[in-house]
Amino acid sequence: MEIGATKSVQERLKTTKIDEIKGASLVFCWDTHLTKIKGRNVLFIVNASNRYTIAMTDIEPRNWKYYTLYIGRVIHGVMQQMGYSESQIDQYFKMSGDMIVTKTHGKKSVGGINRMVMDAQYFDKKLEKDTKYQWELSEYLNRDICQPEGFDAYGYPSELFKLDMERIGIVPKRNPAKVIDFSQYIENNRGTTD
């Protein structure tokens with residue numbers, strides 16, 4: 001799994017050596033950015049494929065020391081909260097490979113992070129005190145319609161994350177929605193209402 005780090009995260013990690021992107025599938029790449037929102041440090045963890053966003057606050061110094069382990073635990077916990085089973089989560093992490101800190105995953109991914117930071121400025125509730133995972137902020141950000149790198153259509157990051165889990169075989173594919181061809185419907189039902 002590749003954990004992309006923006007300049008602000010690299011500075012916080014106090015690292016000078018960041019690995020180049022290895023070219024993993026974007027569904028296994030998460031970019032991270034540290035910024036201030038409402039006077040608090042917020043770490044955004046954003047999937048490069050579907051722009052699913054996790055917002056974390058109050059990160060302890062030891063978590064910066066073991067950054068990849070911390071990010072892995074956060075993603076694991078959020079997937080549990082989303083309803084994925086332990087075996088599905090384990091499968092995701094096995095497929096993703098070793099966790100390494102890399103550069104971010106391209107302009108579109110960084111643009112997505114910038115959009116999330118901008119949207120977070122408009123979040124009208126206070127950030128929860130004494131909690132690290134900012135659930136309400138994360139839910140708010142994941143309701144932003146977008147077209148991230150891994151998709152050629154628009155959607156909500158939370159739905160696109162589910163589609164990615166289907167694409168890689170973590171969960172079975174859902175039946176596609178039944179689409180009504182309205183012109184055909186009107187043609188077929190013309191004259192039946194008289």
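Colleague: Let me start with one residue. Is Ile-54 buried or exposed?

Modeller: Ile-54 is buried, because its relative accessible area is 0%, and the cut-off for buried is under 20%. Keep in mind that this is a predicted model.

Colleague: Where does Ile-54 sit, and which residues does Ile-54 touch?

Modeller: Ile-54 belongs to strand S4. Setting aside residues up to four places away in sequence, Ile-54 touches Trp-30, Leu-43, Phe-44, Ile-45, Val-74, Ile-75, Val-78, Tyr-133 and Ser-138. For a distance, take Val-42, which is 12 residues from Ile-54 along the chain; their C-alpha atoms are 9.8 Å apart.

Colleague: Now the chain as a whole. How many helices and strands are there, and in what pattern do they come?

Modeller: The chain has 8 helices and 5 strands. In sequence order the pattern reads β-α-β-β-β-α-α-α-β-α-α-α-α. The C-alpha trace spans about 75 × 40 × 30 Å along its principal axes. Of the 194 residues, 44% are buried.

Colleague: What share of the contacts joins residues at least 24 apart in sequence?

Modeller: The share is 63%, counted among contacts between residues at least 6 apart in sequence.

Colleague: Next, a helix. How do I check the span of helix H3?

Modeller: Multiply 1.5 Å by one less than the number of residues. Helix H3 runs over residues 67-81 and has 15 residues, so the expected span is 21 Å; the end C-alpha atoms are 21 Å apart, which agrees.

Colleague: Which residues of H3 are buried?

Modeller: First the general idea. An α-helix has 3.6 residues a turn, so residues three or four places apart point the same way. In this helix, the buried residues are Tyr-67, Tyr-70, Ile-71, Gly-72, Val-74, Ile-75, Val-78 and Met-79. Val-74, Ile-75 and Val-78 also appear among the residues that Ile-54 touches.

Colleague: What comes just after H3?

Modeller: Gly-83 follows just after H3, with a positive phi of about 105°.

Colleague: And how is the packing of H3 against helix H4 described?

Modeller: Two packed helices are described by the angle between their axes and the distance between the axes. Helix H4 covers residues 86-96; the axes of H3 and H4 come within 10 Å and cross at roughly 145°. The crossing is right-handed. On the H3 side the residues are Gly-72, Ile-75, His-76, Met-79 and Gln-80, and they meet Glu-86, Ile-89, Tyr-92 and Phe-93 of H4. Sorted by class, this contact has 5 nonpolar, 3 polar and 1 charged residues.

Colleague: Which residues other than glycine have a positive phi?

Modeller: Arg-51 is one of them, with phi near 60°. Asp-130 is another, with phi of about 55°. Arg-51 is in the loop between S3 and strand S4, while Asp-130 is in the loop between H5 and helix H6.

Colleague: Are these two buried or exposed?

Modeller: Compare each value with the cut-offs: buried is under 20% and exposed is over 50%. Arg-51 has a relative accessible area of 11%, so Arg-51 is buried. Asp-130 has 82%, so Asp-130 is exposed.

Colleague: What about residues in helix H5, such as Lys-107 and Asp-119?

Modeller: Use those cut-offs again. Lys-107, in helix H5 (residues 107-121), is exposed because its relative accessible area is 80%. Asp-119 is in H5 too, but Asp-119 is buried, at 11%. Leaving out residues up to four places away in sequence, Asp-119 touches Tyr-140, Leu-141 and Asp-144. As for Lys-107, its C-alpha atom is 25 Å from that of Tyr-70, 37 residues away along the chain.

Colleague: One last residue. Which side chain makes a polar contact with that of Arg-40?

Modeller: A polar contact is a pair of N or O atoms within 3.5 Å, one able to donate a hydrogen and the other to accept it. Here the side chains of Arg-40 and Thr-57 are joined by a polar contact of 3.4 Å. Arg-40 is in strand S3, residues 40-47. Arg-40 counts as buried because its relative accessibility is 17%. Beyond its neighbours within four places in sequence, Arg-40 is in contact with Thr-35, Thr-57, Asp-58, Leu-127, Glu-128, Lys-129, Thr-131 and Gln-134.

Conventions:
Residues are numbered from 1 along each chain as its sequence is written. This is a predicted model: local features need pLDDT of at least 70, side-chain atom pairs count only at pLDDT 80 or more; totals for chains, interfaces and linings use all residues. Side-chain values use heavy atoms; hydrogens and water are left out. Helices (H or I, at least four residues) and strands (E, at least two) are DSSP runs, numbered from the N terminus. Buried means under 20% relative accessible area, exposed over 50%, partly exposed in between (1.4 Å probe, protein chains only). Contact means heavy atoms within 4.5 Å. Axes are lines fitted to C-alpha atoms, for helices over the stretch in contact, and angles run from 0 to 180 degrees between N-to-C directions. A crossing is left-handed if the near helix is turned anticlockwise from the far one by less than a right angle, and right-handed if clockwise. Ala, Val, Leu, Ile, Met, Phe, Trp, Tyr, Cys and Pro count as nonpolar, Asp, Glu, Lys and Arg as charged, and the others, Gly among them, as polar.
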